[in-house]
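Biologist: I would like a close look at a single part of this model. Please take it slowly and work outward from there.

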Amino acid sequence: MTTEEMNCMERALASVGNQPVDRLPVAPLACGVNRRLVGTTYREYASSGEGYADAWVAGWKEWGYDAIVGLGDLSIISGDMGADVKYPEENTPTTIGGGMIKEDDDYRRLKVPQVNKGTRMWDLVEGVRLTKERVGDEVLVLPLVEGPLLALTQLAGTEKVLMDMYRCPDALHEALQTLVEVDKVFCQALVEAGAHGIVMDYLWGNYSCLGDDQYMEFEGTKYAPEVNAFLAELGTAFVIHNCADLPHLDTQISAMKPLVYSYCTYPDIEGSLTTKEAILKYGHETVVLGNYDPQLFVRGTAEEVRRATEDMLRDATEGLKEAGLVSRFCVASGCEVPPALSTNLDNIKIMCDTVRELGPKYQAQLN
Amino acid sequence: MADNSILDSLAECVKTGDIPTAESGAQQALDEGMDPLDVINNGLIKGMAVVGDRYDKREIYLPQVLMAAEAMYAGLGVLTPHLKVEPGQEPKHVVIGTVEGDTHDIGKNIVKAMLTAAGYTMHDLGNDAPVTDFIETAKDVGADFVYMSTLMTPTMDAMNRVIDGLKEEGIRSAITVGVGGAPISQEFCDDIGADLYALNAREATERTKAIDA
């Protein structure tokens with residue numbers, strides 16, 4: 001697959017440790033889109049451990065990126081807790097209607113499901129186990145898990161949860177504590193199945209939705225830290241993904257201290273950090289997982305994808321140099337590569353090939 | 001209570017998200033013979049405009065905006081059945097929804113609240129709205145605007161299919177199509193042939209009003 005100096009795992013670990021690398025790692029958050037390599041529908045991909053593993057391993061083998069991010073969808077926990085989930089044939093499953101919570105006490109009645117065969121959590125765990133059997137320790141396997149507040153909004157509906165922050169905060173707190181326990185059970189199973197780390201999705205920590213006070217009260221002070229501490233006890237790597245605009249970076253990076261932070265840049269939104277800005281501000285605290293527009297994979301020409309990738313390499317190199325760092329950055333998309341049938345798979349290859357081709361040249365300025 | 005203090009009180013109910021008092025206040029205004037349009041414009045909408053400003057400046061956030069919108073809708077629910085619509089002053093119709101496959105609708109709901117406050121008649125398809133719902137509703141109500149939102153990249157294609165459907169029905173040219181949501185960009189808007197891209201609810205409202213002017 002590659003004749004580079006380092007294998008994927010060596011490169012990723014060196015990057016985390018800010019050690020010299022042959023080139024910066026690349027990880028285009030290609031998850032459900034990989035099903036197209038093995039000829040399954042999205043529904044088939046999202047319905048079994050084999051579905052996940054076949055797709056994830058095929059994508060890694062095809063494009064040779066440096067981390068397998070195991071994203072199923074954001075309805076796994078809510079579905080296993082009893083929410084109605086729709087499973088389109090060729091699109092991401094979605095939780096319907098927030099029908100689980102009709103009155104305040106419904107928040108208190110939520111129960112922690114077990115990761116048993118027949119649940120979607122089990123399927124993701126199996127996906128990790130089968131993937132790990134096939135790839136061993138050649139490449140990082142990092143499944144994604146919904147954080148407590150995200151899982152709650154999937155169960156109850158976002159609008160309801162946001163307004164219930166005023167109407168019935170005590171009930172929300174009880175539900176969030178239950179969801180912390182769900183996250184713990186799920187993460188433990190994923191780690192026991194062989195995951196090298198867990199990507200926690202703390203989506204609602206963003207200034208388009210919540211100010212500091214409410215984010216801290218309903219996730220940032222207690223619930224996320226409790227999950228994060230549990231991951232530390234498990235001895236597993238802890239990554240945060242937050243593709244919302246204007247994430248609470250001081251909280252989610254400086255306070256929570258993830259090993260890696262995955263985010264998206266929105267050039268039209270004031271305050272959205274560029275690659276270089278993110279590295280300068282946070283590069284000593286976390287490995288920044290880069291951030292370009294996932295729509296490039298759908299609509300970008302080959303030249304546009306190549307140029308955007310080289311721009312990211314250049315910006316990252318400048319940022320790392322200025323910050324006195326060597327390798328703490330990973331070229332990536334800001335969110336999942338769209339799993340739509342219209343996504344141009346060649347663009348994933350172009351991104352990865354560009355990093356392999358040009359990465360060493362930029363890295364020579366840093367090592 | 002003097003008219004002005006009822007109006008100020010209603011504006012305050014919206015600003016503080018006091019839903020029951022907005023409803024009772026609106027009823028009190030009617031009982032005292034006030035013009036419902038005046039109460040809407042100078043009470044409820046005035047309050048919502050302040051809320052919108054504060055949200056733009058990040059002095060308040062979504063929970064407060066949603067509570068304010070609910071208070072506004074509570075008051076509107078009492079007042080709008082009593083509105084007299086003069087010929088030639090029919091409000092413009094906006095069909096709005098989050099596209100099929102996506103259940104995120106916060107941003108859409110904020111746009112809906114702001115456009116309601118701006119005097120538009122909103123036809124809300126909710127979330128996970130099928131492509132056909134956008135097209136059929138646009139036909140049924142004689143829509144002037146069709147606005148689509150999504151937070152997810154996999155569901156953006158649905159916007160394209162809505163535009164294609166409007167063309168097939170022969171109504172595309174009579175409708176302004178707007179798109180928004182985190183993964184949406186001006187480039188995407190141009191690519192799919194939509195007319196309007198808005199970064200946030202304030203831009204959506206201002207651009208809608210500019211088109212209408």
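Which residues of α1(B) are buried, and what do they pack against?

Modeller: This is a predicted model, and what follows is computed from it. The buried residues of α1(B) are Leu7(B), Leu10(B), Ala11(B), Cys13(B), Val14(B) and Lys15(B). They pack against α2, α3 and α4 of chain B. The length of the helix is as expected: at 1.5 Å a residue, the 14 residues of α1(B) should span 20 Å, and the C-alpha atoms at its ends are 20 Å apart, which agrees. After α1(B) comes Gly17(B), with a positive phi near 70°.

The next helix, α2(B), covers residues 19–31. Its 13 residues should span 18 Å at 1.5 Å a residue, and its end C-alpha atoms are 19 Å apart, which agrees. Buried here are Ile19(B), Ala22(B), Gly25(B), Ala26(B) and Ala29(B). These residues lie on the same side of α2(B), because they cover an arc of only 125° around the axis. An α-helix has 3.6 residues a turn, so residues three or four places apart point the same way. On the other side of α2(B), Pro20(B) and Asp31(B) are exposed. The cover over the buried residues of α2(B) includes α1, α3 and α4 of chain B.

Just after α2(B), Gly33(B) has a positive phi of about 80°. Met34(B) sits in the loop between α2 and α3 of chain B. Met34(B) counts as partly exposed because it has 18 C-beta neighbours inside 10 Å, where 20 or more would make a residue buried. Apart from neighbours within four places in sequence, the contacts of Met34(B) are Asp3(B), Ile6(B), Ala29(B) and Val39(B); of these, Ala29(B) is one of the buried residues of α2(B). Leu7(B), a buried residue of α1(B), is 27 residues from Met34(B) along the chain, and their C-alpha atoms are separated by 9.9 Å.

One residue of α1(B) also leads to the core. The largest nonpolar core has 200 residues, and Val14(B) is among those that touch the most other members, together with Val69(A), Leu190(A), Ile198(A), Met72(B), Val146(B) and Met159(B). Helix α4 of chain B, residues 62–79, gives the largest share of this core, 12 residues. Domain 1 (3–82) and domain 2 (93–212) of chain B each contribute at least three residues to this core. As for Val146(B), its contacts beyond four places in sequence are Val95(B), Phe134(B), Ala138(B), Val162(B), Leu166(B), Ile175(B) and Val177(B).

The two domains of chain B come from the domain assignment. Their C-alpha centres lie 25 Å apart. Their contact takes 10 residues from domain 1 and 8 residues from domain 2 of chain B. On the domain 1 side, α3 and α4 of chain B each supply at least two residues. That side divides into 8 nonpolar, 1 polar and 1 charged.

Last, the neighbouring chain. In all, 23 residues of chain B are in contact with 30 residues of chain A. On the chain B side, the elements giving two or more residues are α4, α5 (106–117) and α8 (186–192). The largest share of that side, 4 residues, comes from α4(B). By class, the side has 12 nonpolar, 6 polar and 5 charged residues.

Notes
Residues are numbered from 1 along each chain as its sequence is written. Chains are lettered from A and ligands numbered from 1 in the order in which they are written. This is a predicted model: local features need pLDDT of at least 70, side-chain atom pairs count only at pLDDT 80 or more; totals for chains, interfaces and linings use all residues. A nonpolar core is a set of buried Ala, Val, Leu, Ile, Met, Phe, Trp, Tyr and Cys residues joined through C-beta atoms within 7 Å. A residue is buried if 20 or more other C-beta atoms lie within 10 Å of its own, exposed if 12 or fewer, and partly exposed in between; C-beta atoms are placed from the backbone. Domain bounds come from an automatic or database domain assignment. Two residues are in contact if their C-beta atoms, placed from the backbone, lie within 7 Å. Ala, Val, Leu, Ile, Met, Phe, Trp, Tyr, Cys and Pro count as nonpolar, Asp, Glu, Lys and Arg as charged, and the others, Gly among them, as polar. The expected span of a helix is 1.5 Å times one less than its number of residues. The arc is that of the directions from the helix axis to the C-beta atoms.
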